[in-house]
Amino acid sequence: MAILKHGLHGMGRPATPAPVKRIASVFDAPAGSFPHPWGSLPALTDDQFDYFRGLAMRHAGIVIAGFKRSMLLRRIRTRMSALMMDTAEDYCRFLASPDGEGELQPLINALTTNKTEFFREKHHFDHLASVVLPRLVKEKAKENRPRLRIWSAGCSTGEEPYSIAMTLSRTIESLSEWNARILATDIDTEVLDRARQGHYRLGDVTPVSPELRHRYLEAGPAGQGWIRVVPSIQRLVTFKPLNLHHEWPMRGPFDVIFCRNVVIYFDKATQRLLFNRFADLLTPGGILYCGHSESLFGICPRFRPLGQSIYQRIE
């Protein structure tokens, strides 16, 4: 996954008195509480842990559980190493200073999880190809240039939207005559840069069938062991930075939304708000694909279940 944004507007220093007080308590941590970043991993102080958890929640909606302190520390360490900083105290001070405003995006990039693969949860793509797309082809048959919009929310390094694009190309024979676009968004700007290139190692494309590899993948320019997605598939996808907790610039409507293994990092109140916003952007009868461990039960009554982690907006 990865989590979403359109720029990180407002990601400056905490402006309210409470956060300022909390930052001060972080600075009061004993000197040397965080050794050199290339040394052994120490424990963050409670105040430092709460400070970074607060940043993740305020700016990305990410809920970091108390037992994930070591994970948080490892990811913070990558940023400290990049900045040649020796202590967590120094890093906290930098983040709270005017000079540190530009560091918030790299920090959020480091805190997000970006596990993905081609055709992950294959039953979703089977459903898209065998049920959803044939229905849309039939419904839009009389349109001069049929419009099709799909959103991959939390697209990470691009495997999901490219899998969607391959499915469209394989299923709709006259796709070149359609006004078909896939919007792919993520909060992590670094993974978006990789996704736009469309370059992957051979091991990354193992889930892609031999037929689709032959049609949609080609030898990459990066050298032996690399492949790239063919231009015709890349042209179907537009990658944009987006934070799901901020205003969304797009107005839809979308026929299909993929938001998989994203909301598991949010609390229930945030999930409820997010699913209602998805419903607002979907066409009546539009489809929402969620992750295998995610459910709308008891959260959003505007969808009905169609299958395993597959939901349809109620008209």
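This is a short tour of the structure you have open, one selection at a time.

**Stop 1: the whole chain**

Keep in mind that you are looking at a predicted model. Start with everything shown as a cartoon: the chain has 11 helices and 10 strands. Now switch on the surface. About 14,500 Å² of the chain is accessible, and 53% of that belongs to carbon and sulfur atoms. Of the 315 residues, 52% count as buried. If you look at contacts with a separation of 6 or more, residues 24 or more positions apart make up 75% of them.

**Stop 2: helix α7**

Go back to the cartoon and select residues 159-171, which form helix α7. How far apart are its end C-alpha atoms? They sit 18 Å apart, and that agrees with the 18 Å that 13 residues should span at 1.5 Å a residue. Is this helix mostly covered or not? It is: 10 of the 13 residues in α7 are buried. Colour the buried ones to see where they fall. Among them are E159, E160, P161 and Y162, along with I164, M166 and L168.

**Stop 3: a three-stranded sheet**

Next, select 199-201 (β3), 217-219 (β4) and 226-229 (β5). Together these make an open sheet with the order β3-β5-β4 and antiparallel pairing. Why do β3 and β4 count as edges? Each has a single partner strand, so one side of each is left without a neighbour in the sheet. Tilt the view and look along the sheet: the twist averages 40° from one strand to the next.

A quick reminder while you are here: strands of a sheet pair through backbone hydrogen bonds, either parallel or antiparallel. Zoom in on β4 and β5, which pair over three bridges. Pick E218 and look across to β5, where its bridge partner is R228.

**Stop 4: side chains of E218 and R228**

Stay on this pair and turn on the side chains. E218 also forms a salt bridge with R228, with the closest N and O atoms 2.7 Å apart. E218 lies in strand β4 and R228 in strand β5, so the pair ties together parts that are 10 residues apart in sequence. E218 is partly exposed, at 29% relative accessible area, and R228 is partly exposed too, at 30%.

**Stop 5: more salt bridges**

How many salt bridges does a search of the whole structure find? The search turns up 13. Here are two more to visit.

Select E103 and R79, whose side chains meet with an N to O distance of 2.8 Å. E103 is in the loop between α4 (88-96) and α5 (104-111), while R79 is in helix α3 (residues 69-83), so this salt bridge ties together parts that are 24 residues apart in sequence. Are these two buried or exposed? E103 is buried, with a relative accessible area of 4%, and R79 is buried as well, at 15%.

Finally, select helix α8, residues 189-197. Inside it, the side chains of D193 and R196 meet in a salt bridge of 3.1 Å, N to O. An α-helix has 3.6 residues a turn, so residues three or four places apart point the same way. D193 and R196 are three residues apart, which puts about one helical turn between them. Show the surface once more: D193 is partly exposed at 43%, and R196 is partly exposed at 37%.

Definitions and conventions
Residues numbered from 1 in each chain as written. Predicted model: local features only at pLDDT ≥ 70, side-chain atom pairs only at ≥ 80, totals over all residues. Heavy atoms only, no water. Pairing = 2+ DSSP bridges. Helix = DSSP H or I, 4+ residues; strand = E, 2+ residues; numbered from the N terminus. Axes fitted to C-alpha atoms, helices over the stretch in contact; angles between N-to-C directions. Expected span 1.5 Å × (residues − 1). Buried < 20%, exposed > 50% of the residue type's maximum accessible area, 1.4 Å probe, protein only. Salt bridge = Lys/Arg side-chain N within 4 Å of Asp/Glu carboxyl O. Contact = heavy atoms within 4.5 Å. Areas by Shrake-Rupley, 256 points an atom, 1.4 Å probe, with all protein chains shown as cover.
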